[in-house]
Amino acid sequence: MSEGKFVVDKKKKYVIFCDFDGTITVNDNIIAIMKQFQPTGWDGIVERILSKQMTIREGVGTMFSLLPVSRRDEIEHYSIHNITIRDGFGDLLDFCAQQTVDFYVTSGGIDFFVYPTLEPYPIARDHIFCNHSDFSGETIRVTWPHPCDEHCHNDCGMCKTTVMRRFPAEEYTRIVIGDSITDVEAAKIADHVFARSHLIESCKQLGITCHEYETFYDVLAKLKEVIACPS
Ligand code: MG
Ligand code: ZN
């Protein structure tokens with residue numbers, strides 16, 4: 001059982017937790033919205049999130065609170081129409097369906113762009129975890145239906161590890177696919193990590209073995225080796 005190799009345990013079920021922004025989609029959609037609509041002060045908030053002076057929940061909530069609901073149509077239209085899906089996503093979902101691998105989207109993104117983007121794909125609504133939005137006030141209010149449980153103190157907003165803990169390691173082989181700092185805590189408790197971009201560096205610093213990918217075809221190739229044809 002050498003490190004870095006999939007350990008095939010047929011008694012366990014495979015479950016995938018896949019990030020949305022920068023993983024399923026090519027770009028980070030929150031950043032794209034902020035760049036497009038330029039609410040005053042958004043870039044300083046991003047810096048504070050990255051330097052951990054602000055939690056992700058505080059930072060994302062504050063950034064959206066800078067956007068007036070009067071621009072709702074523009075914001076929704078822009079965010080949905082500027083999304084590019086990473087190659088191979090549909091094929092990965094087909095494979096998961098064939099092999100009865102549970103597939104969950106665990107996203108720190110917001111419902112108004114996450115749900116419409118995933119609409120063409122066969123993913124049940126209860127398999128998509130993301131933040132929600134409230135347009136009833138003057139500015140956009142992000143609501144947080146999936147907060148951190150008692151084991152997480154990162155104030156994630158949408159807490160990926162809280163979702164993962166519902167799938168105990170004794171029963172599931174837990175696979176995380178991600179791209180950035182918002183996936184690090186999930187990567188720490190996963191059995192297998194697929195990483196691109198900043199997440200590769202974070203995994204290296206923390207000594208977490210990861211499989212690097214650029215498209216979902218890379219992910220699929222690795223998964224096929226071990227799930228479809230276990231040695
Ligand atoms: Mg991401
Ligand atoms: Zn958390």
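This short talk walks through a predicted model, from its magnesium site to its strands and salt bridges.

Before I start, residues are numbered from 1 along each chain as its sequence is written, while chains are lettered from A and ligands numbered from 1 in the order in which they are written. Because the model is predicted, local features need pLDDT of at least 70 and side-chain atom pairs count only at pLDDT 80 or more, whereas totals for chains, interfaces and linings use all residues, and side-chain values use heavy atoms, with hydrogens and water left out.

Let me begin with the metal. The magnesium ion (ligand 1) has as its protein donors Asp19 (OD), Asp21 (O) and Asp179 (OD), which lie 2.1 Å from it; donors here are N, O and S atoms within 2.8 Å of the metal (3.2 Å for Na, K and Ca), and since water is not among the atoms, sites may look incomplete. Along the chain these donors follow the spacing D-x1-D-x157-D. Aspartate 19 sits in the loop between strand 1 (13–18) and helix 1 (20–24), and aspartate 179, 160 residues apart from it, in the loop between strand 5 (172–178) and helix 9 (184–189), where helices (H or I, at least four residues) and strands (E, at least two) are DSSP runs numbered from the N terminus. Both aspartates, 19 and 179, are buried, a word that means under 20% relative accessible area, with exposed over 50% and partly exposed in between (1.4 Å probe, protein chains only).

What surrounds strand 1? Five of its six residues are buried, so strand 1 is largely enclosed by the rest of the structure. Strand 1 pairs with strand 5 in the parallel sense over six bridges, pairing being called when DSSP finds at least two bridges between two strands, and cysteine 18 has isoleucine 177 of strand 5 as its bridge partner. Strand 1 also runs parallel to strand 2 (residues 102–110), joined by four bridges, with isoleucine 16 opposite phenylalanine 103.

Finally, the salt bridges, each a side-chain nitrogen of Lys or Arg within 4 Å of a carboxyl oxygen of Asp or Glu, come to twelve. In one of them, arginine 72 meets glutamate 76 at 3.0 Å, N to O, both residues lying in helix 5, about one turn apart. In another, aspartate 149 and arginine 165 have their closest N and O atoms 2.8 Å apart; because aspartate 149 lies in the loop between strand 4 (141–143) and helix 8 (160–164) and arginine 165 in the loop between helix 8 and strand 5, the pair ties together parts that are 16 residues apart in sequence.
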